Amino acid sequence: MVKPVLQLGGIRKSYNVGSAVEVEVLHGIDLSIAEGEFCALIGPSGSGKSTLLNIIGLLDRATGGRLSIAGCETSGLDDAELTQLRGRSIGFVFQYHHLLNAFTALENVMMPMLVERGFSNDAMEDRAAMLLEKVGLARWKNSKASNLSGGQQQRVAIARALAMSPSLVLADEPTGNLDTGSANAVFELMQEVNSDYGTTFLIVTHNMSLAERCQRVFEVVDGNLVGDRYGKYPQTAATAE
Amino acid sequence: MQTLLIVTGVSVGVSVIVFMSALLTGLQASFLSRIFAAQAQVVLEPPDEVARPLRHAPGTVFLTISVKPSQRLRSIDQWQKVSALVQRLPGILVASPMASGAAFAVRGEVSKSVSLMGIEPDRFYRIVDLPGKLVRGTSTLEVQDILIGTQLASDLGVDIGDKLRVVTGAGANVEFTIRGIFDLGNKGVNERNTYVLLHTAQPMIGLTNGVTSIDVTMRDVYRAEDVAQYIATVTGVKAESWIKTNADFFSVVNSQKISNTAIRLFVGISVVFGIASVLVVSVVQKSREIGILRAMGASRAQILRLFLLQGAIVGFVGSLIGSGFAYIMLDFWLAYARRPDGTPLFLAEIDTRLVVATSMIATASGILAALLPALRAARLEPVVAIRG
C-alpha cells in the first residue's frame, strides 16, 4: 500500500468572507494523490485551478475542509509551521521561472537550502551541482540566471524545486512560456525526475496533449472537481491499485 | 543601480557630516588655542572689597551713600589651601598660583608699562605653553631671570642676555637678565606680559608669600563655568571662567556648534528618508522574489532580517565611502585654504572616533530606515507577492 502524499477533504475557498459580496470559488474538493504519482490538473481559465494549487502549496489558506501533506494535517498549523512544512515538503515550479537574476544557476538551486539552513556550504554546492547535472545544465552552473535561455531557466527552476528533496512538486503552467521544443523537453525532464526519484508531481496545465501524458488527470470546472482519470503515462503501483 | 544610487547618497551625506565636523572641530581648536595661549580657563582672585555701612540702633534711620572702594592689590586668603583644594577636584589638570602687578620696564631712557607676573614654571607652563612660544632663548628661570614678549623686546631694543630693570609701585627696583623672548600671537600680550619666578615677584609687588590669582585648567574646557561657580561657592574666592570673560566668542562657538548639529541632523534625516524610499520601491519591485523566497520556506522573520540587513549594509558601506570622501575633501581644503604666507588657516583632522561613531550611526540609521519597508515585505502574503 503506497501512502498518500496529498489528501484533500472538502476544501472550500471563499473571498470577501462575511461581506455581501462573498464569493465561493472552490466548492468542496476531495482528492488524494499517492507518493510517486505524476498528475495533471486541468480546467478552463477561472475554474479555480491556481487557487487550488496555492492552497495545496500552503501559499493560501482554505476557508474550509482538511488538507494533509506528507502525512501532516495542516489545519491546526500556524504561519511559521506552515512555512516550515512548505519549505521542507513542497517544491514549486512557476510559469515564469522567478529565478534571482543576480545569482548564478548554482546559487539559485542552493537558495532553498540557504533558507532552510543547517547545510554546510560543501553539501549545498554538491547537491545543487548534482541537480543541475540531472537537468542537463552542469556546464551552465556558474552562469548568471539572466544569461540562460527560457528553457534553461525553467530547468534551473525545476532543479531548485528539487533542492530540498520534497515529497511533492507543484508546477503551475511550467511550460506556458516555452516554445514547443523546450516545453516538451521540460515536461520530459519532470517525468524523468518522477521516475528516478519517485517525486510526486501535480502540474497545472492548459496543454491537453501534455496532460494526457500524465498518470492521473484531475479536472476542475467552476470550482468543482469533475474528473479524475488515468492518462497515458506508465502507471505506478499506487495508480495500478 | 538603485542600491548604487542610495549608497552614493549615504556617502555624500556622511562625507558632509564628517568633513564639516572635522572642519568645525579644527576651527574651534584653533580659536581655543589662541584664547588659551595666554589665558587660563578659570582664574581665581580675591573677592572684591565692598564698603559695609555701620549698623545703628533699631528704629534709627540714616541715609547713607556707599562708595565702592578702589581695589587694592591683595593676596588670595590661604591661597595654598585653595590651590590644593582646586587641584583635587575631578577633571582639573593644574592649578597654578601667580603674583602679578603693574610695573615699569626700564632700559636707559625708555620705560614701558608692563605686567610683572610671578609664576611657578612647572605648573604655569602646563597652562600657557611658554616654552613652545619662545622665539629666542630658554624658558628656564632663575631668581633674577625674566621672559618678555617680542613687542617689548622690539620697543626696548633688547635681546637675550641683556639686562632689564623693572620698577614696581611698591618701590622695588630689580635688574633682570632676559632669558627668553616669546610670541603669544597677540601684540598687546607680547608688549605687556613679563614672567619671573613667583618668589621673585611676590616681594616686588608687596605681597610677601601672597598670590593675586590662581590659574586653573581642566580637561573639558566647556565645563569651565560650572567649575568656576563651584569653586567660588566652596572657597569664597572670585572665580571667572573663560566662558564669562569671552562671552561673545563663546556665543559664536556655541552658535557654530548648534548650526553644525542642525546641519548634521537634517543631512542624517535626508539620508534615512533616502534609504527608506529606495527600500520601499525595492519591496514593490522585488515582491515576486519575496514571494518565491516565502514559497521556498523563508519565514517572515528571515524576510524582515533580509531587508534590515540591506539597510545596515547600505548605511555601513555608504559611511565608509563617505568617510573616504571626507578625507579627500579635507586634504583639498588643507591644500588650498591657506594664509598669504602659505601656512594653513588652521589645522583640521578627522578623528578616527568620529569615523567609527558616524559609521555606527549610519548603520543604525540604515536599519531604522529599512524597518518599515522590511515590515511591509515580511507581511506580504506569498500568493499575493508572487502575483506581483
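The following exchange examines how several descriptions of this predicted model are justified.

User: Why does Leu58(A) count as buried or exposed, whichever applies?

Analyst: A residue is buried if 20 or more other C-beta atoms lie within 10 Å of its own. Leu58(A) has 26 C-beta neighbours inside 10 Å, and therefore counts as buried. Its place is the loop between α1 (49–56) and β4 (64–69) of chain A.

User: What makes the phi of Leu58(A) worth a remark?

Analyst: Most residues other than glycine have a negative phi. Leu58(A) is not a glycine, yet its phi is positive, at about 60°.

User: Which residue of chain B has a positive phi without being glycine, and where is it found?

Analyst: Asn209(B) has a positive phi, near 65°. Asn209(B) lies in the loop between α7 (198–204) and β9 (213–218) of chain B.

User: How do you know whether Asn209(B) is buried or exposed?

Analyst: The cut-off for an exposed residue is 12 or fewer other C-beta atoms within 10 Å. Asn209(B) has 12 such neighbours inside 10 Å, so Asn209(B) counts as exposed.

User: Why are β6 and β10 of chain A said to stand at the edges of the sheet?

Analyst: The open sheet has 6 strands in the order β6-β7-β8-β3-β9-β10 (chain A), and its pairing is mixed. β6 (90–93) and β10 (224–230) of chain A each have a single partner strand, so one side of each is left without a neighbour in the sheet. From one strand to the next, the twist averages 20°.

User: What makes β7 and β8 of chain A a pair, and in which sense do they run?

Analyst: Two strands pair if at least two bridges are found between them. Strand β7 (residues 168–172) and strand β8 (residues 200–204) of chain A have 5 bridges in the parallel sense, and therefore meet that condition. In this pair, Leu170(A) stands opposite Leu202(A) in β8(A).

User: How do you know that chain B touches chain A, and which element gives the most?

Analyst: Residues are in contact if their C-beta atoms lie within 7 Å. By that criterion, 12 residues of chain B are in contact with 17 residues of chain A. On the chain B side, α11 (287–295) and α14 (382–387) are the elements that give two or more residues. α11(B) gives the most, with 5 residues. The residues of this side divide into 7 nonpolar, 3 polar and 2 charged.

User: What describes chain B as a whole?

Analyst: Chain B has 14 helices and 10 strands. Of its 388 residues, 38% count as buried.

Conventions:
Residues are numbered from 1 along each chain as its sequence is written. Chains are lettered from A and ligands numbered from 1 in the order in which they are written. This is a predicted model: local features need pLDDT of at least 70, side-chain atom pairs count only at pLDDT 80 or more; totals for chains, interfaces and linings use all residues. Helices (H or I, at least four residues) and strands (E, at least two) are DSSP runs, numbered from the N terminus. Axes are lines fitted to C-alpha atoms, for helices over the stretch in contact, and angles run from 0 to 180 degrees between N-to-C directions. Two residues are in contact if their C-beta atoms, placed from the backbone, lie within 7 Å. Ala, Val, Leu, Ile, Met, Phe, Trp, Tyr, Cys and Pro count as nonpolar, Asp, Glu, Lys and Arg as charged, and the others, Gly among them, as polar.
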